[in-house]
Amino acid sequence: LLVCGVHGTRMMLFAWALHAVRRNFNLPLAFIAPPLMVSAELCVPSLFQYYVAMALARQPLLIQVADLTGVLGVSALLMLVNGAVYDVLTAPPRRIVVAAAAAAVLVAALAYGHLRIAQVRDLRAAAPKIRVGVVQPNVVSFDEPDGTFSVAAQRRLAALQARSAELEAMGADLILWPESSYKVWISRRSAGDWPESHPSRIGRGFSAPLVINALTYDPPKSSARPYNSALLLDRGNFTARYDKNNLMMFGESIPGAETLPWLKGLVPNASQYMAGEGVTMLPFRDRAGREWRLGPMICLEDILPGFGRQLGRQRPHLLINLTNDAWFGDTSEPWQHLALSIFRSVELRTEMVRAVNTGVSAYVDATGRIYSESYVVDPTQETRGADKFLAEVALLEGGHTAYVAAGESFGYAGTVLTLYLWLIAPRLRRSRASASSQDSAVTSPPDLWASPPAGKG
């Protein structure tokens, strides 16, 4: 309830600002709704980042502007069109001009989308390609403490290895296991996999390069706070590691717990991990000996535009996301998570493969089109064995976009306009009104900025 209440403040502030602006100025909704929504989405924090643009995630033509403006531009486009429809249905005929302008912007966005999709399609056809295999375990292990390796965990590991061997036989160049699928803690001093005879050995029965998620620690383990890490295992050696930068509050960290230890008692099931510092590419060498940069994202990091820009500056050839959405079961959340992640591929213009514990695992190309997607299961209600899929992905060097270069400039512009319409312009107008009361010769302001008639504010 607390999380829902915090998330609800975004719409509350949007509605409050919208009412305040329309009370003071008789402006078309198509003009004021986009900057107000953009500023609300940019400035109001949330535990799980989200955008109204999510509604358009499966409409490729409409989301291509994200490589210019980021996901906020898609939210603005959605509000522009809906505001124009409202204006046409409720306002005087002169608002038809505003609606026509909104229609022109929509047509321009569609034309840009058509052009960019064609360009990226040509780039993808000419780009080198690899086959990436994803294993989806379809299990839940919430009742097992971190770092345990029970009999059930051994069976799950065997299933992961069996599906990985099948993917290798199908030609997989790289395999991904999702977040929380490997339960054994790994020392950060470890150079590679466990010995062949060890029950915790990762690469048993297959030899293809593998990206796994595991908790890593600095010895001694007894006093360590672990990191949530992605590791690249290649030919038995750990060749690269990325530590999750953005920990999930109240799940992987408790804000303020180090200063106020009693906070841990309020959230007894929350872990207390260490956050990684900085973005690290995972260098991957294909069968031809060519080296590529994998841009890792763990769990909710694929819905964070700012983190995506950090990855973009490192020029990744492929985005990989390791996620565990089993907490939510077979609900709308895993699908929403996928929808929100799609925008990272468009913003960076590189492809993405998602490995998700109980779904939705997916392959998304650089236009945001979903080529392959799995399903969602609730592992507490449905027993289903580990599954797999294989995708041929194009290795496009990402990050060469206006959005990566300019950041949230579009969002900042919307915020400045919102502050002007909501707070600054009314005060300026009151000052002018006060001055004009002493001079009856002062003309009225233009109709566009005039106060609405009584009862229509």
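Two strands are counted as paired if DSSP finds at least two bridges between them. The exercises below apply this criterion, and others, to a predicted model.

**Exercise 1. Establish how strand 8 is joined to strand 9 and to strand 7, and state the direction of each pairing.**

*Step 1.* Strand 8 and strand 9 are joined by five bridges. Since pairing requires at least two bridges, the two strands count as paired, and they run parallel.

*Step 2.* Within this pairing, Gly295 has Leu319 of strand 9 as its bridge partner.

*Step 3.* Between strand 7 and strand 8 there are four bridges, and these strands run antiparallel. Here Pro283 stands opposite Arg293 of strand 8.

*Step 4.* Strand 7 and strand 8 form a hairpin with five residues between the strands. Gly289 in this hairpin has a positive phi near 85 degrees.

*Step 5.* Of the eight residues of strand 8, six are buried, so the strand is largely enclosed by the rest of the structure.

**Exercise 2. Describe the sheet to which these strands belong, and determine which strands stand at its edges.**

*Step 1.* The sheet is open and has six strands in the order 7-8-9-10-11-12. Its pairing is mixed.

*Step 2.* Strand 7 (282-285) and strand 12 (370-373) each have a single partner strand, so they stand at the edges, with one side of each left without a neighbour in the sheet.

*Step 3.* From one strand to the next, the twist averages 20 degrees.

*Step 4.* Strand 12 pairs with strand 11 (residues 362-364) in the antiparallel sense, over three bridges. Tyr363 has Ser372 of strand 12 as its bridge partner.

**Exercise 3. Characterise the packing of helix 8 against helix 9, then place each helix relative to the strands.**

*Step 1.* Two packed helices are described by the angle between their axes and the distance between the axes.

*Step 2.* For helix 8 (residues 305-313) and helix 9 (residues 333-348), the axes come within 10 Å and cross at roughly 35 degrees. The crossing of helix 8 and helix 9 is right-handed.

*Step 3.* Helix 8 contributes Pro305, Gly308, Leu311 and Gly312 to the contact, while helix 9 contributes Arg344, Glu347 and Leu348. Sorted by class, the residues of this contact are three nonpolar, two polar and two charged.

*Step 4.* Helix 8 lies across strand 8 (291-298) and strand 9 (318-323), and runs at about 165 degrees to strand 8.

*Step 5.* Helix 9 lies across strand 9, strand 10 (352-356), strand 11 and strand 12, and its angle to strand 10 is about 155 degrees.

**Exercise 4. Explain why Cys4 and Cys299 are not assigned a disulfide with each other.**

*Step 1.* A disulfide is a covalent bond between the sulfur atoms of two cysteines. The cut-off applied is a sulfur pair within 2.5 Å.

*Step 2.* For Cys4, the closest cysteine sulfur is that of Cys299, at 17 Å, which is too far for a bond. For Cys299, the closest cysteine sulfur is in turn that of Cys4.

*Step 3.* The structure accordingly holds zero disulfides.

*Step 4.* The surroundings can be added for each residue. Cys4 has a relative accessible area of 57% and is exposed, whereas Cys299, at 10%, is buried.

**Exercise 5. Identify the cis peptide bonds at Pro220 and Val360, and the positive phi values at Ser180 and Arg349, and locate each residue.**

*Step 1.* The bond from Pro219 to Pro220 is cis, with omega near 5 degrees. Pro220 is in the loop between strand 4 (210-217) and strand 5 (227-234).

*Step 2.* The bond from Gly359 to Val360 is also cis, with omega near 10 degrees. Val360 belongs to the loop between strand 10 and strand 11.

*Step 3.* Ser180, although not a glycine, has a positive phi of about 70 degrees. Ser180 is in the loop between strand 2 (174-176) and strand 3 (186-187), and its relative accessibility of 26% makes it partly exposed.

*Step 4.* Arg349, likewise a residue other than glycine, has a positive phi near 60 degrees. Arg349 occupies the loop between helix 9 and strand 10 and is buried, with a relative accessible area of 7%.

**Exercise 6. Decide whether Ser75 is buried or exposed, and list its contacts.**

*Step 1.* Ser75 lies in helix 5 (residues 71-90).

*Step 2.* A residue is buried under 20% relative accessible area. At 0% relative accessibility, Ser75 is therefore buried.

*Step 3.* Leaving aside residues up to four places away in sequence, Ser75 touches Glu41, Tyr51, Val52 and Ala53.

Terms used. Residues numbered from 1 in each chain as written. Predicted model: local features only at pLDDT ≥ 70, side-chain atom pairs only at ≥ 80, totals over all residues. Heavy atoms only, no water. Axes fitted to C-alpha atoms, helices over the stretch in contact; angles between N-to-C directions. Helix = DSSP H or I, 4+ residues; strand = E, 2+ residues; numbered from the N terminus. Left-handed = near helix turned anticlockwise from the far one by under 90°. Contact = heavy atoms within 4.5 Å. Nonpolar A, V, L, I, M, F, W, Y, C, P; charged D, E, K, R; others polar. Buried < 20%, exposed > 50% of the residue type's maximum accessible area, 1.4 Å probe, protein only.
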